[in-house]
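Visitor: I am new to this structure and would like a close look at a single part of it. Please choose one residue, and take me through its surroundings with care.

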Amino acid sequence: MKISVIGCGYLGAVHAACMADFGHEVVGVDVDPEKVSKLAAGIPSFHEPGLEPLLRKGVDGGDLTFTTDKSALSQARVHFIAVGTPQRGGSYAADLSYVWSAVDDILTHARPQPDGPLVIVGKSTVPVGTAQAIAERIAEAGLDAVVVWNPEFLREGLAVQDTLTPDRVVYGLPDDHAAGDTARSALDEVYAPILEAGIPRLLVNYPTAELVKVAANSFLATKISFINSMAELCDATGADVSRLAEAIGHDDRIGPKFLQAGIGFGGGCLPKDIRAFMARAGELGVDQSLTFLREVDSINMRRRDHAVELASTMAGGRLVGVKVAVLGLTFKPDSDDVRDSPALDIAGRLWGRGANVVATDPAGAEAVRALRPDLQIVDTADEALDGADLVMLLTAWKEYVAIDPAHAKSLVATPRVIDGRNVLDPQRWTDSGWEYRGMGRRSGPSA
């Protein structure tokens, strides 16, 4: 099938590469010449495990091309909209300007195809009601096309896997049965390898499909903030949040996933998605249904305050002149994404309190150097640890989790560590002579 993917950022580049791997003829269209040039050479513009070999395979095989020339849309029958929907300035609401720009590009450049009506597939995370508005815009313009909403469920660091072998695929179809059959048939052809593997396919209407992604993200954010609120109680009472999470996670109604207490969630999806969800509920007059998300957001931001105050306490009450080694700056491991990263935010707050911050990250260092030239960024953990008065592990990269505490002790000035992700072995670190503090976690044998 001939497919276009409009927007070649994180979502679009991964989707384009995976669709080419399925055997389709794919063109990725983006306005950024530098990004397009790299992708056309088979080089990702961001860090994502497994993506580069997939890109190179598609590009070298001729099934995958990238361009800034929007006239390339004229050759495709199926058009995926995979642009960003960032938080609107001065508001919680989503900025849909890139989505509407993509729609305009389709209206201007797409052409009828001999194998049936055009199919416009929304992948971007949008407020409920957007798909219907796009469908009405397409109809008013007289383009022979049907709109279907097909939300993405990518996890950074696992995006290729999540695209090739997702948990489920969701089609948000129009109410018109003929149009719905056209859209379903086209997507079934696009996703034939997935469906043949038995992956569940859910057929729903537009608003349900639009709500699936934000509802899932809101639930996950709520679960993370719940265990982080329990960490606050554990700190106050002497309980251990890791053992608490283990105990409640055995209940199959709850489950163990997303019960890892720490410094909170970040990245380009969860924070802005739950805020946009709240904003849209307000526009619909049902804002009270999502008021709990305000507390979810508040708990999440409070974790960053807690980490900074804990650092101050461990450093003797003030941070001025204290050398703090920060291990990890991205919002999660296996990603170079520092958007709304709790780790980077905490590093910046420490610097603002007068600390001598020396930070490192395996993938995000270059981005941080550009964003925060005031922070000292080094290439290795050993460089960061050298002469440190306090160590803070803020992103759970496997190389940091595996650090030998005895070796680390030989480098630092004072062996004090804050485990911001509760991934270190407290007993091992305390036995090696470190003062250990986790997030709601005891440092003694019971931990």
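Guide: What follows is a walk around one histidine, His24, and then outward from there. Please keep in mind that this is a predicted model. His24 is found in the loop that runs between helix H1 (10-21) and strand S2 (25-29). With a relative accessible area of 6%, His24 counts as buried, because the cut-off for that word is under 20%.

The side chain of His24 has polar partners in two other parts of the chain: one of its polar atoms lies 3.3 Å from the backbone nitrogen of Met1, and a polar atom of this side chain is also 2.8 Å from the backbone oxygen of Val190. Setting aside residues up to four places away in sequence, His24 touches Met1, Ile3, Met19, Asp63, Glu189 and Val190.

Val190 is worth following further, since, with its own neighbours within four places in sequence left aside, Val190 is in contact with Met1, Ile3, Met19, Phe22, His24, Val78 and Phe80. Val190 is also among the residues with the most contacts inside the largest nonpolar core, together with Ile3, Leu64, Phe66, Phe80 and Tyr191, and this core has 44 residues. Helix H1 gives the most to this core, with 9 residues. Apart from it lies another core, of 30 residues, which includes Ala315, Leu319, Leu344 and Ala347.

In general, nonpolar side chains in soluble globular proteins tend to be buried together. To return to the starting point, His24 is itself buried, and Val190, a residue of the largest nonpolar core, is one of the residues that His24 touches.

Technical notes:
Residues are numbered from 1 along each chain as its sequence is written. This is a predicted model: local features need pLDDT of at least 70, side-chain atom pairs count only at pLDDT 80 or more; totals for chains, interfaces and linings use all residues. Side-chain values use heavy atoms; hydrogens and water are left out. Helices (H or I, at least four residues) and strands (E, at least two) are DSSP runs, numbered from the N terminus. Buried means under 20% relative accessible area, exposed over 50%, partly exposed in between (1.4 Å probe, protein chains only). A polar contact is a pair of N or O atoms within 3.5 Å; within protein, one must be able to donate a hydrogen and the other to accept it, and residues adjacent in sequence count only if both atoms are side-chain atoms. Contact means heavy atoms within 4.5 Å. A nonpolar core is a set of buried Ala, Val, Leu, Ile, Met, Phe, Trp, Tyr and Cys residues joined through side-chain atoms within 4.5 Å.
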